[in-house]
Each structure stands twice: as structure tokens, then as C-alpha cells.
Amino acid sequence: MSTHAKRERLLLADLLESAGPEAPTLCENWSARDLAAHVVVRERRADAAGGLLVKPLAARLERVQAEFAGKPYGELIQLIRTGPPRMSPFALKQIDEASNTVEFYVHAEDVRRAQPDWAARELDPVFADALWSRIERMARVLGRKSPVGLVLRRPDGRTAVAHRGTPVVTVVGEPGELTMFAFGRQEVADVALDGDKDAIDRLRAAKLGM
């Protein structure tokens, strides 16, 4: 049975391929080529990927990622589609699903929403619930740098507290949009914000996410 992560992997590969290597993304100054290299290195070069979390390793990660970005773009896309090598932890279905469902969804939207003619994607309810379950578990980590109290709320009222404090801003939206907001893509997330205007402005400018 196909998993959410596998489906999002293939969608991300298709979007990267269609956009082309020099297309912009929402990831700061990364082009589609840079984003593709990041995805491949994260899965295939554990010796360098630690730089995503450990600052002393960041320089090595940057070098390795630059090396991969220099590969033919079609090769990078194929490496994403085929997935990690058999000995990688990401090759295990449970780890792939836990680690990559949100990762690939967000990066697919990084490609899609950076294009001027992007269209919203309607998520099926099962996948929306899968994203929400992950947001619930990760909320405190994603919101730890929020300068104000932060509450994430689905339209049906289900709520996750991402950061305690005052004043409080409540962000209301569908799970996919809340995911984008919580991962630092506030400006492109289709959400409603309820709270003091100054607090909302501070939240929009904050560095949320991992």
C-alpha cells in the first residue's frame, strides 16, 4: 500500500521536474536545484545531513550539498523518485512515513507556491488528518520561537497550543495551511489570524519551524 510519504515524494519530484532547475522556491535563496540537492543529501549522506541540526557540521553539509547541486538536474530528480538506499533508515516504511510526510509536503508547496500562477491543492481528509496529527505532536517545537502566545486551530475546533504566553494569536486554517504556517511559511499560508494587530505582525515576521 502506498504511504503518504511515498505519494508526496513522487509529487515533489514531479513539481521539481516541471519547474526546472532555476525555478525559485520558498526556501530563502534556494532554487529548485538547491532544494532537490537538499532532499537527496538528507536521505543519502548521513555523514553530512547532521549539519541540519548540529551547527559545527553545517559547513560540511553546505559543501556536500553544493557538490550534489552540481550534478545533472535529471539525476537529482531520479534520486528523489527512487528514494534512499536500502541501508538507509529512511528506507524503512515506518521511518519514511514519520520523517518524510511533512517534509515532502512542505517542500512540494515550497516549489508550487513560489510560482506566480500557483493553484491551491485540495487535500483528501485522510491526508489532512495525518498532517494534523503531526502538527499536534510537533507544535511546541515548531512554535518555540514565537514572540507571542500561539494557538493553531482547525475550522472544526480541534486545537494545538504551539507556544504559551501573552498576548495570544490564534491561527485558524485547514491542516495543510497550518502546516505551512507553523513551518515558517506564514506569508503564503491561507489562514485567519485572531489577536492583537501588533501581536499578529510580530508573529508573521517570526522565524517559526524547525
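The following exchange is about helix α5 and the nonpolar cores of a predicted model.

Colleague: Which residues of α5 are called buried, and what makes them so?
Modeller: In α5, residues 73-82, they are Y73, L76, I77, L79 and I80. Buried means under 20% relative accessible area, so each of these five residues falls under that cut-off.

Colleague: How do you know that they are on the same side of α5?
Modeller: The buried residues cover an arc of only 160 degrees around the axis, which puts them on the same side of the helix. On the other side, G74 and T82 are exposed; exposed means over 50% relative accessible area.

Colleague: What is the phi of G83, just after α5?
Modeller: G83 takes a positive phi of about 85 degrees.

Colleague: What makes the largest nonpolar core a core?
Modeller: A core is a set of buried nonpolar residues joined through side-chain atoms within 4.5 Å, and 30 residues are joined in this one. Those with the most contacts inside it are L152, V169, V171, F181, L193 and L203. Helix α7 (125-142) gives the largest share, seven residues.

Colleague: Why is this core said to lie between domain 1 and domain 2?
Modeller: Domain 1 (2-112) and domain 2 (133-203) both give residues to the core, so it lies between them.

Colleague: Which residues does V169 touch?
Modeller: Leaving out residues up to four places away in sequence, V169 touches V148, G149, L150, V151, L193, D194, A199, I200 and L203.

Colleague: Which residues belong to the other core?
Modeller: That core, of 25 residues, lies apart from the largest one and includes L12, V40, L61 and I80. I80 is also one of the buried residues of α5.

Key:
Residues are numbered from 1 along each chain as its sequence is written. This is a predicted model: local features need pLDDT of at least 70, side-chain atom pairs count only at pLDDT 80 or more; totals for chains, interfaces and linings use all residues. Side-chain values use heavy atoms; hydrogens and water are left out. Buried means under 20% relative accessible area, exposed over 50%, partly exposed in between (1.4 Å probe, protein chains only). Helices (H or I, at least four residues) and strands (E, at least two) are DSSP runs, numbered from the N terminus. The arc is that of the directions from the helix axis to the C-beta atoms. Domain bounds come from an automatic or database domain assignment. Contact means heavy atoms within 4.5 Å.
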